[in-house]
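Please work through the exercises below with the sequence and the structure at hand, and try each task before reading its solution.

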Amino acid sequence: MKIWTRREFLSTTALAAQSKPPLTRPVRVGLIGIGSRGTGLLRTTLKFPVEVPAVCDINETAQTRAAALVEKALGKRPEVYGQGVDDWKRMLQRDDLDAVINAGPWELHSPMSVATMRAGKYAATEVPAAASVEQCWDMVNASEETGMPCMILENVCYFRNALLVLNMIRKGLFGELTHCEGGYQHDVRTAFVSRGGERGPAGTITWRGMHAVRNNGNLYPTHPLGPIAWWLDINRGDRFTHLVSMSSKSRGMNKFVEKNFGKDNPNATRKYALGDVNTTLIRTENGATVTLYHDTCSPRPYDLILRVQGTEGIYMGTLDKFYFDGRSPKKEAWEDPEKYYAEYEHPLWRDLSPSAMGQGHGGADYIEIHQFLQAVKNRTQTPIDVYDTAVWSSIYPLTVKSVAAGSAPVEVPDFTRGKYKTRKPVEIHGA
Ligand SMILES: NC(=O)c1ccc[n+]([C@@H]2O[C@H](COP(=O)([O-])OP(=O)(O)OC[C@H]3O[C@@H](n4cnc5c(N)ncnc54)[C@H](O)[C@@H]3O)[C@@H](O)[C@H]2O)c1
């Protein structure tokens, strides 16, 4: 992946970049929200030459676990914050943090990232980075005003197949792209209803489940949309213009609670806004379309789809197979991917996979944290920047708006304010 030079950073984002030289010491990272995902991110972060002076969580078990992990890895116990829901603000006042990763509830991601940037630190945030369009603009404005980057930790961008396809698109194998399809198709009802432990008493709705109670749309668009946006050069030559979204009826949550916690549990009969399967169509200015699925409350195996269709060929992620007109040996027959991996493996994957293998999400978590920390160390722009962070995340509230309006078309804001026309595509670089 390309590490941006300071000149490129300034010219393509118009940010008042920090005039600081690259760091010659370990990057100092703080973490907020060290629950299930935050603990995974902390473990991954500790694989790199870092210091972790401070961690924050309002849950004591999470605090103790995180402090112990840091102490074991680095020999020094971090200062622990979390005396109340706003204590993270006190942590951001520290002057010994270069970057802060936040992995708490969705609605807190943007306020935490904004405050992180305003405190002069690099922000990394879990997905989705915001729960409203206004929160997306808050991040863009903070990044532009402070010159500090904000990276959504969209690990699917660093999946091996997503990077391979990106490389092959750049080499022209697919011709001109016309359509992509992706989905967050993952039964996550156990994240919506607690099984007991840190997320609350068994059978109660979690913070994440409350989004399903209140909102009907695609609540989790960025996993498939991140790589698709890279493939289509969104914010870098093209942009999403508008979408329409439609949801099925809601059944899965009621079924799940009744089956697991009994029909007398109030959550077995409560009304959930979220339809079981949401389908969204997005159009780009250059005339490509994207179909996006959100299917989190049905019994099903995990599948991100990740299909890309061009004038010369297709990749179908569900099958993990390719077909290219004139190149594939048999007419209209799928090809296995091995020979394409042999020829077009993304250099980032090639360089980092020996260390990444065995790490979270097939190694993608390692690569995404590597990429974030490299940018912090070199004082450069992050490969996923605030405009990507904003537009990918905005799809959640925009689909809710479309569904509520009877699937009416909804415009996608141009968070780059016109700069997408001249911004360069995410480039192919090794580590
Ligand atoms: N990228 C991925 O593959 C992936 C996987 C799982 C989860 N996630 C994302 O990670 C984020 C966290 O999800 P999770 O499953 O770990 O949730 P979780 O509920 O297990 O953890 C959230 C943590 O945030 C803490 N928290 C809540 N409010 C806080 C506050 N005001 N100050 C400090 N800490 C606070 C909670 O105590 C908890 O420990 C979500 O955005 C989720 O969508 C991403």
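Three exercises follow, on the domains, the ligand and a pair of helices, and they concern a predicted model.

**Exercise 1.** Find the domains into which the chain is divided, and describe the side of domain 1 that touches domain 2.

*Solution.* Begin with the division of the chain, which gives domain 1, covering 6–155, and domain 2, made up of 157–348 + 385–421. Next, take the C-alpha centres of domain 1 and domain 2, which lie 25 Å apart. Then turn to the contact itself, where 25 residues of domain 1 meet 25 residues of domain 2. On the side of domain 1 that touches domain 2, two or more residues come from each of α3 (60–74), α6 (133–146) and β6 (150–152), and α6 gives the most, with 5 residues. Finally, sort the residues of this side of domain 1 by class, which yields 17 nonpolar, 7 polar and 1 charged.

**Exercise 2.** Describe the shell of residues around the ligand, and work out where the ligand lies with respect to the two domains.

*Solution.* The first step is to list the surroundings of the ligand, which consist of 27 residues, the closest being Gly33, Gly35, Ser36, Arg37 and Gly104. The second step is to look for helices in this shell: α2 (36–45) and α5 (106–118) each supply at least two residues, and α2 gives the most, with 3 residues. The third step is to sort the shell by class, which gives 13 nonpolar, 9 polar and 5 charged residues. The last step is to ask which domains contribute to the shell around the ligand. Because domain 1 (6–155) and domain 2 (157–348 + 385–421) both give residues to this shell, the ligand lies between them.

**Exercise 3.** Determine how α2 is oriented relative to helix α14, and name residues through which the two helices meet.

*Solution.* Start with the axes of α2 and α14 (residues 364–378), which come within 10 Å and cross at roughly 65°. Angles of 65 to 115 degrees count as roughly perpendicular, so α2 is roughly perpendicular to α14. The handedness can then be added, since α2 passes α14 in a right-handed crossing. For the contact, look at Gly40, Thr44 and Thr45 in α2, which meet Asp365, Tyr366 and Ile369 in α14. Sorting the residues of this contact of α2 with α14 by class gives 2 nonpolar, 3 polar and 1 charged. As a closing step, recall from the second exercise that α2 also gives the most to the shell around the ligand.

Conventions. Residues numbered from 1 in each chain as written. Predicted model: local features only at pLDDT ≥ 70, side-chain atom pairs only at ≥ 80, totals over all residues. Near = placed C-beta within 6 Å. Helix = DSSP H or I, 4+ residues; strand = E, 2+ residues; numbered from the N terminus. Nonpolar A, V, L, I, M, F, W, Y, C, P; charged D, E, K, R; others polar. Domains from an automatic or database assignment. Axes fitted to C-alpha atoms, helices over the stretch in contact; angles between N-to-C directions. Parallel < 35°, antiparallel > 145°, perpendicular 65-115°, else oblique. Left-handed = near helix turned anticlockwise from the far one by under 90°. Contact = placed C-beta atoms within 7 Å.
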